[in-house]
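The following exercises concern domains, sheets, helix packing and a chain contact. Please attempt each task before reading its solution.

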Amino acid sequence: MSAYGYDAVVIGGGVSGIMASLTLASGGFKTALVSRGDPVCCLSTGCIDVFSHSDEPLSGIRALLPDHPYSLVGEKGIKDALSFFLEIMAEAGLPYEGDPGRNRKILTPIGSTKNTCLVPRTMAHADMPPGEYLHVISFQGIKDFFPSYITSRQRNSTYSVYDAGVPTTLGIAARFDDASFLDAFITWLRGLEIPHDRVALPAVLGTIDPASVMEKISRAIGRKVFEIPTLPPSVPGLRLFRALKRVLQSRGVHLYWGKGVTSVECQGRTVEAVTLATTGRAKRVQGKAFVLATGSFVSGGLFAGRDSVRETVFDLPVAVPGERKDWFNTDFFSGAHGIERAGVRVDGSFRPVETDLDNLFACGSILAECEIMSLQCGHGLAVATGVAAAKSCAQGLS
Amino acid sequence: MVVTFFHDMFHEESGYMIKTDVVIIGGGATGCGIARDLALRGVHHYLVEKGDFANGATGACHGLLHSGARYAVTDPEAARECIGENAILRRIARKCVETTGGLFVRLPGDSKRYRDTFLSNCEEAGISTEVLSASRALDLVPELNPSIEEAVVVPDCSIDPFRLCMLNAFTSRHKGGGILIHHKVIDIVRERGRCTGVKVLDRFTSQIKEIRAKIIINATGAWGDTLARMGGSDAPMTLSKGSLIISNHRLTNMVINRLRPPSDGDIIVPNEAVCLAGTTSIPVDDPDAVEVDPREVDLVATQAEQMLPRFGTTRLIRAYTGVRPLLKAEASDSRSISRGFKIIDHKNGMFSILGGKLSTYRLMAEKTVDAVVKEFGIKAHCKTADIPLDGQDELSGYPLSKRLKGIDNIVCECELVDRAQVENAINSLGIQYIGDIQHRTRLGMGPCQGGFCTYRALGIMQETGRLTPDESIEILKHFLQRRFRGIRPALWGDQLREEQLVESIYLGILNMGQRA
């Protein structure tokens, strides 16, 4: 078995794990990030929902119960973490915009709007003042995007369809990376002589540098342009993940990608190492401290059996509300299912409670009480707790 | 493209007043069987159904064509009826029946004396049996619990209830009968105490139509008493809820029964790519207000696991429940009530057919129509046992190779339904309900249970102009709510993961949730 030693080992390659790794790396710690595979943020809108239930996310958070993970981070911690995120994304070449003090709106594929906090620049113009006219561009054969849903709900809106030669969002986005395709598209678009104030497209404006693609289109037609996030597989989610991964690499975080943890070694109150499944020899990754960011059920950090919930790496105690019959209420649309509160409880320094491990920290959607779906706070919680847990971990290290 | 030839069944009837000889209420197996029987005896009729075909117990059963062995000990008469009908249906409904064969497995601790009675009663009822050693049974079904004592082979089969209804209705329509699905009876017209017609509400156009008839047949299963009361009489029944679960895999190619007295969780039936396991038996009052309790899911899963251990680890994609319309009896335990049937002549122009089971639907139809033609004073013998169901030649069956051929732009990834099939269902069948597309193409029947493809199918429906965008979103909401009801009792493991992903799409990306 080969062995590798680090100051900190982060387990889980989603938004919270990546933000924790970057925080540790910028504190000068030798950091490794272990991930079983690409994270579920690739399925998301790519936007950072901080708390979408009220127009002002921070004041909404103030009303949350004290055991919500946001309350452990505190308002200043949340703001600092979001600023750090904005800084990282600018560095990654995928600029995000937004203000933690005030939510903004994006347009959904069914023509409704949705509150979110930080958005990729390509969605910045989605928050339209009332009375403006919108023209939607769709693509021939595209799955899961039906422009008539939008035009029926948005007054003064119309749509046109472009044939990109491929029907999938990822396929079309790859075409937009190509300058000659973009030129042909722009020529077609100019020919439409759109009189509307703004032009919206499903989020397919390239996989690498969508802000430049958008600006080029916008300049050519003299209209504001924005993207509408689509159903999975989602291009903005994938862009977000890829951009974060680029920064990890440039900031010297050591990546173990596509490798799950098969066993953990503890000595007394200390986690010493994790062993990774690889195709060749098993790898033993040692660390002075560990951060658990393996996510909730969809990501596989938690697994629900018929009667109980298990944490899948350290077998930590999991807080579960009631019996299985209490996990889900009967209304699909209410959210607020009991199971959303299941997870690992942590203390003020993000150490899991009811265990005797001193050098283990947890962050992201694996935390108990986070209610991500009903509060609509997914990536915001990941950013805030990822940074906060890493800071606490860094304190322990120094 | 499985069912294109049914299209004229959905055409609008013109005018508000229709005259016929017999109106059948109920589009389950019994109602459709009666329609076919009447058609073959040359009696003009209309069938009205408030939902799609197989809307009630027919569509919510385990899809088992009984050999009768299950009833051999407790209800010998039902057993004899079953084996007789089993042979007939294998002959006349080849494309609906999969001749899987069945096993009754005896686990350690199950009574050997019961097994002896079982074998001798099967023989008396005319049900063929063959006793197999555990190792020979495991050769046939490798996933069986290896510690079984022995197994008995019986001629159980798997049957497709929905297809069975469609084919029966097809003959009726072919011979000039009227079939009106999504038409709910809102009133029974009475003149001097006699039932002379029904008023139905077309659920799509909200139009009310009146159908006048000499005889009304109440084949509404669990709703039998409600309809009989609308006609001024009653039809007392005992209603018993039976819940089932569906596994993501076909774990057995044979029907697996537990060799012990009838009890909860004693059967597993393979059906297409999945297995159904059931059932429970709980008395209920209102057939419209039944839900699966998570405890029923655990009970059935635990029992099924004893026969097929992999049932404990396989993913369950849904649970559902149906209401058995049983004949009223003194017995308090709904399992000991006869599965037999009874025809009531209400002496007011209405006949009710009560009780029975899917396996004997044809016999029930025959006896009902016998009573009706006697009332009309005509002599016409039942032919339904001799003539194979019409329309079977055109059915493709389910071979995967046929489904993959020429498939393009897939809408439902789980069941490989493409856009052309969905558009065909919408355009040529004139389908107006998302559930109808699902029944006819298998769209949404796989592991995600329509979580991804229903949004797509509705998007296509509104693009064709069949629905407005707003209507289609409303239907999507109803669908998601109904779907969730089926999934909720069996949410753990991978199915829970998938459900949270589906939630993140509708409540997250599309923001369809209700604000707290």
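Domain bounds, as used below, come from an automatic or database domain assignment. This is a predicted model: local features need pLDDT of at least 70, side-chain atom pairs count only at pLDDT 80 or more, and totals for chains, interfaces and linings use all residues. Residues are numbered from 1 along each chain as its sequence is written, while chains are lettered from A and ligands numbered from 1 in the order in which they are written.

**Exercise 1. Domains of chain B**

Task: State how far apart the C-alpha centres of domain 2 of chain B and domain 3 of chain B lie, and describe the side of domain 2 that touches domain 3.

Solution.
1. The assignment for chain B gives domain 1 (4-57 + 162-236 + 339-376), domain 2 (98-158 + 238-324) and domain 3 (400-509).
2. Between the C-alpha centres of domain 2 of chain B and domain 3 of chain B the distance is 30 Å.
3. Two residues are in contact if their C-beta atoms, placed from the backbone, lie within 7 Å. On this criterion, domain 2 of chain B contributes 13 residues and domain 3 of chain B contributes 10 residues.
4. Helices (H or I, at least four residues) and strands (E, at least two) are DSSP runs, numbered from the N terminus. On the domain 2 side, the elements giving two or more residues are α7 (294-307) and β20 (316-327) of chain B; β20(B) gives the most, with 5 residues.
5. Ala, Val, Leu, Ile, Met, Phe, Trp, Tyr, Cys and Pro count as nonpolar, Asp, Glu, Lys and Arg as charged, and the others, Gly among them, as polar. The domain 2 side accordingly has 8 nonpolar, 1 polar and 4 charged residues.

**Exercise 2. A sheet of 4 strands in chain B**

Task: Establish the strand order of the open sheet of 4 strands in chain B, and trace its hairpins.

Solution.
1. Two strands pair if DSSP finds at least two bridges between them. The order is β1-β13-β12-β11 (chain B), and the pairing is mixed.
2. β1 (17-19) and β11 (183-191) of chain B are the edge strands, each pairing on one side only.
3. β11(B) and β12(B) run antiparallel and are joined by 8 bridges; B:Arg190 is opposite B:Cys195 in β12(B). These two strands form a hairpin with 2 residues between them, where B:Arg192 in the turn has a positive phi of about 45°.
4. Strand β12 (residues 194-202) and strand β13 (residues 208-212) of chain B are antiparallel over 5 bridges. B:Val198 has B:Ile211 of β13(B) as its bridge partner, and B:Leu201 is opposite B:Ile208.
5. The hairpin of β12(B) and β13(B) has 5 residues between the strands, and B:Ser206 in the turn has a positive phi of about 65°.

**Exercise 3. The contact between the chains**

Task: Determine which element of chain B gives the largest share of the side that touches chain A.

Solution.
1. The contact takes 35 residues from chain B and 36 residues from chain A.
2. On the chain B side, α7, α12 (453-463), α13 (469-487) and α14 (493-509) each give two or more residues.
3. The largest share, 11 residues, comes from α14(B).
4. The chain B side comprises 16 nonpolar, 11 polar and 8 charged residues.
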